[in-house]
Amino acid sequence: MTLTLRTPADIRHAWIEGDEIALLDAREEGPYSRGHPLFAVSVPLSRVELLAFDLIPRRSAPIVVYDDGEGVAEPAAWRLRALGYSDVSVLKGGLSGWIAAGYEVYRDVNVPSKAFGEWVEHHRHTPSLAADEVKRLLDAKADLVVLDARRFEEYRTMSIPGGVSVPGAELVKRVFDLAPNPDTLVVVNCAGRTRSIIGAQSLVNAGIPNRVAALRNGTIGWILAGQSLEHGRTARFPEVSAEGDARGRAAARAVADRAGVARIDLRRLDALRGDERRTLHLFDVRTPDEYEAGHLPGFRHAAGGQLVQATDDFVAVRGARLVLADDPAGGGGPRADMTASWLAQLGWDVAVLEGDVSSLGLATGPDRASLPPVPDAAEIAPRDLLGLLENGEAAVIDLARSPCYKAGHIPGAWFAVRARLAQAFDRLPKGARPVLTSPDGTLARFALADLDGRAGPTPLALRGGTDGWAAAGLPLSPALDRLGPEPDDVYKRPYEGTDSSAAAMQGYIDWELELVAQLKRDGAHRFRLI
């Protein structure tokens, strides 16, 4: 059996027509971030089994895989076939063929959402204030609130002085309590630009009486202006009042209606679930705590702000259907409505689930990835491995993503990217039994299944992975002498953490500002604005 080829023109035509298609980049995230088509989604060969079922829930969805000559596209395509996907092709000519066809290539990650944010600001003239002006207002104790639209974890790492954590989808729901005086200036920030723009424009679209502004260039702009950030803050939004909730619901619903968001009940949801011709994603857009306390079975967690900010982290099939749920007993809700309003403008077929659906019964606990059956594997317990390591009889290969490895790994473990596992074996001491590990051991067991027939000592998997090692009370090491060349499996985002250079941050802002011109040249995005 051979793999069919799809041309770049086929992919672009599907995007323009709104047909379902998933374009998957089988390279590691580093090379992907340096250049890819607009709606291409990063699904590295190394992690296909961990990502595919959630990103592409319909096994008959059309999938096209590519690389840039690294030789990973076809193995990834065959791996998808083995997982049960029936319509898998390879992009003719790979990334080079896409470029040769004259089509746009984009840098960075989560590009559709970031480009859309720039599109919104360009066409809707979203109001913004420079860092120096916001600092002046704060120092003067002016009547303003700073609302941080990022995930709470990002806010806790670094934040604007006095800012309050209000992740994007929570803004319209809670702004009437956070800024009850219409004379209060509301400033929305994120790390860079996108969530600041979308958050501020959400409040503008909702028609709140306050003056609203995005913090221009977010915390990056704040740092580049020479201002100091706070670290470790925990100031979250308070509980919403009945009046604030009612006003937020009414405002968000009006915005969703303007965007043409569909509203469905359980009967219609059952019909969508039964439609085998279309890909369907079900998302609960509330906070992680609310999701864990009780959510509708079959709904994955995707906090609304992040679903808009990084849609390609959750959905790979362009043209798929999305159904959003908010409070199960609340008949929809402002978070679902606001999130859906933006997804509709991003070109997605999106609906909000309405009515009291709590009678269905709720599942509890955190969101868990959908995985294929994990292969059986010969395993070794952590303390047994410790004995072999002390005697020089074993060598550990760690398949964690590189930031996880750098944070702490089994002492002496060699870092490896799964797609290049053969190279890692060449580094091991002769005669040592290879032992594969990953954070919870799952990826290691998938990787072992690739090694059938390998000569030499039979590789083992560490039972419970590195998490199991730590749970056994055994030490972790931050040493990087066995990391090898700087890994390319993860793109270092210049807006995360506190160690990015000023040049990298400025370069990121400059790149975002160029996206509108790229979209105009591209012409395949299907973005629309209300």
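**Exercise 1. Work out why strand β12 (residues 280-284) of this predicted model is described as largely enclosed.**

Solution. Begin with burial: a residue counts as buried when its relative accessible area is under 20%. In β12, 5 of the 5 residues are buried, so the strand is largely enclosed by the rest of the structure.

Next, take the two faces separately. In a regular strand the side chains alternate between the two faces of the sheet. On one side of β12 we find Leu280, Leu282 and Asp284, and on the other His281 and Phe283; these are all buried, and both faces are covered.

Finally, look at the pairing. Strand β15 (residues 321-325) runs parallel to β12 and is joined to it by 5 bridges. Within that pairing, His281 has Leu322 of β15 as its bridge partner. Strand β13 (residues 300-301) also runs parallel to β12, with 2 bridges joining them. Here Phe283 is partnered by Arg300 of β13.

**Exercise 2. Describe how helix α9 (residues 171-178) packs with helix α10 (residues 194-205).**

Solution. Two packed helices are described by the angle between their axes and the distance between the axes. The axes of α9 and α10 come within 10 Å and cross at roughly 70 degrees. Angles of 65 to 115 degrees count as roughly perpendicular. The two helices, α9 and α10, are therefore roughly perpendicular to each other. As for handedness, their crossing is right-handed.

Now name the residues that meet: α9 contributes Leu171, Val172 and Val175, while α10 contributes Gly199, Ser202 and Leu203. Sorted by type, the contact of α9 with α10 has 4 nonpolar residues, 2 polar ones and no charged ones.

**Exercise 3. Lay out the open sheet of 5 strands and find its edges.**

Solution. Write down the strand order, which is β6-β10-β9-β7-β8, with parallel pairing. The strands that pair on one side only are β6 (128-129) and β8 (164-165), and these are the edges.

Then zoom in on one pair. Strand β7 (residues 144-148) and strand β9 (residues 185-189) pair in the parallel sense over 5 bridges. Val146 stands opposite Val187 in β9.

**Exercise 4. Decide whether Lys520 is buried or exposed, and place it in the fold.**

Solution. The cut-off for exposed is over 50%. Lys520 has 51% relative accessibility, so it counts as exposed. Its element is helix α23 (residues 515-522).

For its contacts, leave out residues up to four places away in sequence: Lys520 then touches Trp119 and His122. As a distance check, the C-alpha atoms of Lys520 and Thr234 are separated by 41 Å, with the two residues 286 apart along the chain.

How values were computed: Residues are numbered from 1 along each chain as its sequence is written. This is a predicted model: local features need pLDDT of at least 70, side-chain atom pairs count only at pLDDT 80 or more; totals for chains, interfaces and linings use all residues. Side-chain values use heavy atoms; hydrogens and water are left out. Axes are lines fitted to C-alpha atoms, for helices over the stretch in contact, and angles run from 0 to 180 degrees between N-to-C directions. Helices (H or I, at least four residues) and strands (E, at least two) are DSSP runs, numbered from the N terminus. Angles under 35 degrees count as roughly parallel, over 145 as roughly antiparallel, 65 to 115 as roughly perpendicular and the rest as oblique. A crossing is left-handed if the near helix is turned anticlockwise from the far one by less than a right angle, and right-handed if clockwise. Contact means heavy atoms within 4.5 Å. Ala, Val, Leu, Ile, Met, Phe, Trp, Tyr, Cys and Pro count as nonpolar, Asp, Glu, Lys and Arg as charged, and the others, Gly among them, as polar. Two strands pair if DSSP finds at least two bridges between them. Buried means under 20% relative accessible area, exposed over 50%, partly exposed in between (1.4 Å probe, protein chains only).
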